[in-house]
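Here is a walk through how the chains pair up and how they sit around the DNA. Have the structure open as you read.

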Protein chains: 4
Amino acid sequence: MPKVGMEEIRRDQVIAATTRCIVKNGMVNLSVKNIAAEAGVSTGIIYHYFKNKEDILMHVIKAAFQQSHQAVMDTVEPLNEPHDKLMKHIENINDVAKNNSDFYGLILNYLGQTSSNEQVNVIVQKFFRNLRSYVNNYLEEGVNRKTFTAGSVKNLPAIVIALGMGLGIMWTVDPEAFDLDEMGETYKDVIRKFVES
Amino acid sequence: MPKVGMEEIRRDQVIAATTRCIVKNGMVNLSVKNIAAEAGVSTGIIYHYFKNKEDILMHVIKAAFQQSHQAVMDTVEPLNEPHDKLMKHIENINDVAKNNSDFYGLILNYLGQTSSNEQVNVIVQKFFRNLRSYVNNYLEEGVNRKTFTAGSVKNLPAIVIALGMGLGIMWTVDPEAFDLDEMGETYKDVIRKFVES
Amino acid sequence: MPKVGMEEIRRDQVIAATTRCIVKNGMVNLSVKNIAAEAGVSTGIIYHYFKNKEDILMHVIKAAFQQSHQAVMDTVEPLNEPHDKLMKHIENINDVAKNNSDFYGLILNYLGQTSSNEQVNVIVQKFFRNLRSYVNNYLEEGVNRKTFTAGSVKNLPAIVIALGMGLGIMWTVDPEAFDLDEMGETYKDVIRKFVES
Amino acid sequence: MPKVGMEEIRRDQVIAATTRCIVKNGMVNLSVKNIAAEAGVSTGIIYHYFKNKEDILMHVIKAAFQQSHQAVMDTVEPLNEPHDKLMKHIENINDVAKNNSDFYGLILNYLGQTSSNEQVNVIVQKFFRNLRSYVNNYLEEGVNRKTFTAGSVKNLPAIVIALGMGLGIMWTVDPEAFDLDEMGETYKDVIRKFVES
DNA sequence: TATGAATGAGGATTCATTCAT
DNA sequence: GATGAATGAATCCTCATTCAT
């Protein structure tokens, strides 16, 4: 193993380990010792690469959001039609719960912190704004192209994201509540009916 | 100060104090010492009325859900028309965020625990199932009375609750994201359009 | 239940309960709350009849020693022959382990305190001196009557008591170590052979 | 101060400190804080080397018994004659009270725990069995060589150990009770007379 | 870079004791 | 006489962080 240029390897190692710890044991039971053990490193080295525990936590959530952002970019942006983009985005939201279930386990642990930790709050706000902004772009594009009616778009981004997130949370907490794929179709129907009326 | 019959008073005192502590500082920073200080009692007495910290936490979430359940009962049940009930329920969900903002601050802190604490998970699942079940009742009633079309109701309860919860969370995290009252109308429109199509 | 003249009843109740608690859970785990529960009274009343926990403990050991003293008096003193007295005393010591096994469980818990608690030390010393003194009396009587040889009696009281106590402790700790009745005979043989040689 | 290879040093430090604390203040008043202070370390480090307080206590008694075992091995085993071995063992038992008075202060504190703490009970039982087993070996050897008569050996190991322990305890509790050296001779006489009759 | 020993403050919990009723 | 609510100090243990190696 190289002894120099470990920076990124170690940071990723710690971030991944922390994510697993939070999802498995909850933020409440997260300790630096656990993180170190899960990452297979010493506690000391963690403080070489991160300022403190809080610093790790910020990097973890940023990394999660960054990954989510990337997924949208990779799958949605290549598409041309606003309608397709919107539907693909919706599918994406649904896929997160199914394929990357850690994601919800993770942000649920951070959402609780938003009211007491300003820094977390800012990051989460930015993430939500980002999500709404994507949707807004598709909608505006669609309105321009007369695919969507202008009247409906105002609050729609929030509706789309809120519904996706709500379903994701609900399913994460109780996977027996409904069939995720089938619900994904209903999700799209709901939005489609509203946006095309 | 009376020395007898304090049981309920003290328990409520501690539950209320714990709720405030969680909302203000987050579950991660919750300590029994804080709870005692917030409640204006000694730490010792807390263990006279509760088995341990976990026990308090369970009572806190149960109390919050019970209160929410009561609000639905009080406002929705008196109504006669399924459509009115559904819309009233939706209004209720929205009102929670506005009038009882602690509620979201609280459950966001518990949602993070669902993946690691089975007991919390069960309670939250039960709560969500309850909520969906209410909506389902209105819908079935509406289908019987031909107010709603049968085809749409299958996944609708989850949609209604998920959307409401998603909006509540989003607004709690970022109250500047949208106007809650206006969004409430859109929320109703979305559901109405879907259910009546 | 009478409300006056409860003094002795309550004190005995508490002393008996404390004894059971110590034997069952060890002095290390003894709490006033446990005592109260075992005695079926409130914690408050305990402080009405005893100065504090230490005070209870002193009364418990005194009561145990008093009882042991009484047993000797009742069974040994009526006898006439020094040799019979000595053997009866030895039988008594053995019987304690068998019939009143709490006794060893109790004093073992107090013996540990002798090095750090002067008051306990004094009580235990007095008890041992008492025991040796009984034996000494039989021996002196026996020497006077020419039953025993003078040379052997000097250290014998301690030997008799030490051997009895050692066997009692050993058997209490490990009842499978030997058959108590058979060992009682050997115990008597050992002393008899020494004293009559 | 070195930072590596401290494991054994620290463990011994803590075990020795705990022993002193127990002898001085009794097990009832033993706290991890005291141990740490007596050992001259922080409380935190104690939990780095021991699982918990119970774990320390187990190591303390094991160390004490191990030391006692070693003393027998070193002084008794080199001897050839069964009779010499037996007498040397007896002298050893007596010497413990005189030269290593902490030993009795220590085990007296553990004996009280045997009835409530299974783990301690097992350790103490094993220790006693060991002691009896040594004596038994000398006796069997002696019977083979016709030094001892076969009839007397059955219960003798327990008698030897019990008497030694009883005397040790008695003297530890009340050193004025008798002269230890002189009593040691009587102790040997008692056993000798019994075994050689 | 990397380790893990070391610290001491802080966490949950228990406990002896008091006191209003 | 009797209760059990109330207190706060003390207990066991964990944890974030530092630092010698």
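Chain A and chain C make no contact with each other, and their closest C-alpha atoms lie 30 Å apart. (Two residues are in contact here if their C-beta atoms, placed from the backbone, lie within 7 Å.) Chain A and chain D also have no contact, with 12 Å between their closest C-alpha atoms.

A quick note on the ground rules. Residues are numbered from 1 along each chain as its sequence is written, with chains lettered from A and ligands numbered from 1 in the order in which they are written. This is a predicted model, in which local features need pLDDT of at least 70 and side-chain atom pairs count only at pLDDT 80 or more, while totals for chains, interfaces and linings use all residues.

**One chain up close**

Take chain A: it has nine helices and zero strands. (Helices, H or I of at least four residues, and strands, E of at least two, are DSSP runs numbered from the N terminus.) The C-alpha trace of chain A spans about 60 × 35 × 35 Å along its principal axes. Of its 197 residues, 45% count as buried. (Buried means 20 or more other C-beta atoms within 10 Å of a residue's own, exposed means 12 or fewer, and partly exposed is in between, with C-beta atoms placed from the backbone.) Among the contacts in chain A with a separation of 6 or more, 61% come from residues 24 or more positions apart.

Chain A is split into domain 1 (1-50) and domain 2 (60-196), with bounds that come from an automatic or database domain assignment. The centres of the two domains of chain A, taken over C-alpha atoms, are 29 Å apart. Seven residues of domain 1 of chain A are in contact with six residues of domain 2. The domain 1 side of that meeting has four nonpolar, three polar and no charged residues. (Nonpolar covers Ala, Val, Leu, Ile, Met, Phe, Trp, Tyr, Cys and Pro; charged covers Asp, Glu, Lys and Arg; the others, Gly among them, are polar.)

**How the chains pair**

What lays chain A on chain B? A rotation of 180° with 0.0 Å of shift along its axis does it, at an RMSD of 0.1 Å. That is the relation of a two-fold axis. Copies are superposed by least squares on the C-alpha atoms of residues with pLDDT of at least 70 in both. Chain C goes onto chain D with a turn of 180°, a shift of 0.0 Å along the axis and an RMSD of 0.1 Å.

In the first of these pairs, 43 residues of chain A are in contact with 43 residues of chain B. Helix 1, helix 6 (101-111), helix 7 (118-144), helix 8 (156-173) and helix 9 (180-196) of chain A each bring at least two residues to that side. The largest share, eleven residues, comes from helix 8 of chain A. Since 100% of the interface residues of chain A are also interface residues in chain B, the copies meet through the same surface.

Over in the other pair, 43 residues of chain C are in contact with 43 residues of chain D. Helix 8 of chain C gives the most to the side that touches chain D, with eleven residues. Here too, 100% of the interface residues of chain C are also interface residues in chain D, so the copies meet through the same surface.

**Cores**

The largest nonpolar core has 123 residues, and those with the most contacts inside it are C:Leu163, C:Met170, D:Leu163 and D:Met170. (A nonpolar core is a set of buried Ala, Val, Leu, Ile, Met, Phe, Trp, Tyr and Cys residues joined through C-beta atoms within 7 Å.) Leaving aside neighbours within four places in sequence, C:Leu163 is in contact with residues including C:Tyr187, D:Ile159 and D:Leu163. A second, separate core of 122 residues includes B:Ile22, B:Phe65, B:Val190 and B:Val195.

**Around the DNA**

Near a strand means that a residue's C-beta atom, placed from the backbone, lies within 6 Å of it.

| DNA strand | Residues around it | Closest residues | Classes of residues |
|---|---|---|---|
| Strand E | 41 residues | A:Gly44, B:Ser31, B:Asn52, C:Asn52 and D:Gly44 | 15 nonpolar, 16 polar, ten charged |
| Strand F | 41 residues | A:Asn52, B:Gly44, C:Gly44, D:Ser31 and D:Asn52 | 14 nonpolar, 17 polar, ten charged |

Among the elements that supply at least two residues of the surface near DNA strand E are helix 2 (32-39) and helix 3 (43-49) of chain B.
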